[in-house]
Amino acid sequence: MYIPPHFHEIDPQEIAALIEAAPLACIVAQTPEGLVANHVPLLAGPDGTLIGHVALANDMHRLIAEGQEVLAIFRGEDGYVSPNFYPTKPEHHRHVPTWNYQVVHVHGGIAFQHDERAKRAAVGLLTRSHERRLNGADAWRMADAPADYMQQMLAGIVAFRIAIRRTLAKSKLSQNREARDYQGAIAGLRASGHAAMAEAMARRRPGDA
């Protein structure tokens, strides 16, 4: 990934927050059939790996070799930035359109897990994380489903973990702009329906919010 120094995201907390906020990763791998890409919700596990599962019918676990390096792409907020957002545009017109975004690329070796214990752990961790966030005390639990039904569902998936080897993150948030243009980009993104992108910029430079 091309990352100019001023857009290089190195804050571990920001990277972790991006992964948590945008868990649907695109997992890319080279296989004998060429490149394959699958969109899979992932969770950063307590052991430092990325945890997920796919359908047994998904050829991903047959095409990708055990331990092979894959790339998991987490795409955060994004938004189009018009030159009209910049207050300095009428002064010299030396602006062009651009796109602001945040993204994390995680490289790591993938290990597939076919045993029921691993599959229960993967489903349990993922559902607990998302259910608690969405439903709080009313969170759905695996125990809510009939045991035979849960067994049937688990038989239809393959769990996996990605052991992280390298992480690259990029926050392209107009850091290369002067303060008034930065503020103008925030206001323009808010007005054009990209409030989350604007807030990400405002958190980075609160004085320009």
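Helices here are DSSP runs of H or I with at least four residues, strands are DSSP runs of E with at least two, and both are numbered from the N terminus. With that settled, welcome to a short tour of this predicted model.

## The chain as a whole

The protein chain has seven helices and seven strands. Going along the sequence, the elements follow the pattern α-β-β-β-β-α-β-α-β-α-α-β-α-α. Along the principal axes, the C-alpha atoms fill a box of roughly 70 × 45 × 25 Å.

The chain has 209 residues, and 44% of them count as buried. Contacts that reach far along the sequence are well represented: of those between residues at least 6 apart, 74% join residues at least 24 apart.

## The sheet

The seven strands form an open, antiparallel sheet in the order E2-E1-E5-E6-E7-E4-E3. Strand E2 (34-41) and strand E3 (43-44) stand at the edges; each has a single partner strand, so one side of each is left without a neighbour in the sheet. Helix H1 (residues 12-21) packs on the sheet, where H1 touches strand E5 (69-81), strand E6 (98-113) and strand E7 (157-172). The directions of H1 and E6 make an angle of about 80°.

Now for the pairings, starting with E3. Two bridges hold E3 and strand E4 (residues 50-55) together in the antiparallel sense, and Ala44 has Leu50 of E4 as its bridge partner. Strand E1 (residues 24-31) is joined to E5 by three bridges, again antiparallel. E5 and E6 pair over eleven bridges, also in the antiparallel sense. Leu71 is a handy residue to follow here: in E5, Leu71 is the bridge partner of Val28, and Leu71 also stands opposite His107 in E6. As background, strands of a sheet pair through backbone hydrogen bonds, either parallel or antiparallel.

## The largest pocket

If you are looking for open space, the largest pocket holds about 200 Å³. The lining consists of Glu14, Ala17, Leu18, Ala21, Ala22, Arg75, Gly76, Glu77, Gln102, Ala196, Ala200 and Arg203. Two or more lining residues come from each of H1, E5 and helix H7 (195-204). H1 gives the largest share of the lining, four residues. H1 is also the helix that packs on the sheet against E5, E6 and E7.

## Two buried histidines

His61 lies in helix H2 (residues 60-63). Buried means under 20% relative accessible area, and His61, at 11% relative accessibility, therefore counts as buried. The side chain of His61 makes a polar contact with the side chain of Arg62 at 3.3 Å. Apart from neighbours within four places in sequence, His61 is in contact with Ala55, Leu56, Phe112, His114 and Val158.

His95 is found in the loop between helix H3 (89-92) and E6. With a relative accessibility of 14%, His95 counts as buried. The side chain of His95 makes polar contacts with two other side chains: that of Thr88 at 2.7 Å and that of Arg177 at 3.3 Å. Both residues return in the list of His95 contacts outside four places in sequence, which is made up of Pro83, Tyr86, Thr88, Lys89, Arg177 and Asp181. If you plan to assign protonation states, these polar partners of His95, Thr88 and Arg177, are the ones to read alongside the coordinates.

## Positive phi in two loops

Most residues other than glycine have a negative phi. Two residues deserve a look with that in mind. His93 is not a glycine, yet has a positive phi of about 60°. The place of His93 is the loop between H3 and E6, the loop that also holds His95. His93 counts as exposed, at 53% relative accessibility.

Ser174 is the other case: its phi is positive, about 65°, although Ser174 is not a glycine. Ser174 sits in the loop between E7 and helix H6 (179-191). Is Ser174 buried or exposed? With a relative accessible area of 3%, Ser174 is buried, whereas His93 is exposed.

Key: Residues numbered from 1 in each chain as written. Heavy atoms only, no water. Pairing = 2+ DSSP bridges. Contact = heavy atoms within 4.5 Å. Axes fitted to C-alpha atoms, helices over the stretch in contact; angles between N-to-C directions. Buried < 20%, exposed > 50% of the residue type's maximum accessible area, 1.4 Å probe, protein only. Polar contact = N/O pair within 3.5 Å; in protein donor to acceptor, adjacent residues only side chain to side chain. 1 Å grid on protein atoms, 1.4 Å probe; cavity = no way out; pocket = protein on both sides within 12 Å on 5 of 7 lines; lining within 4 Å. Points joined across faces, edges and corners; volume = space filled by probe spheres on them.
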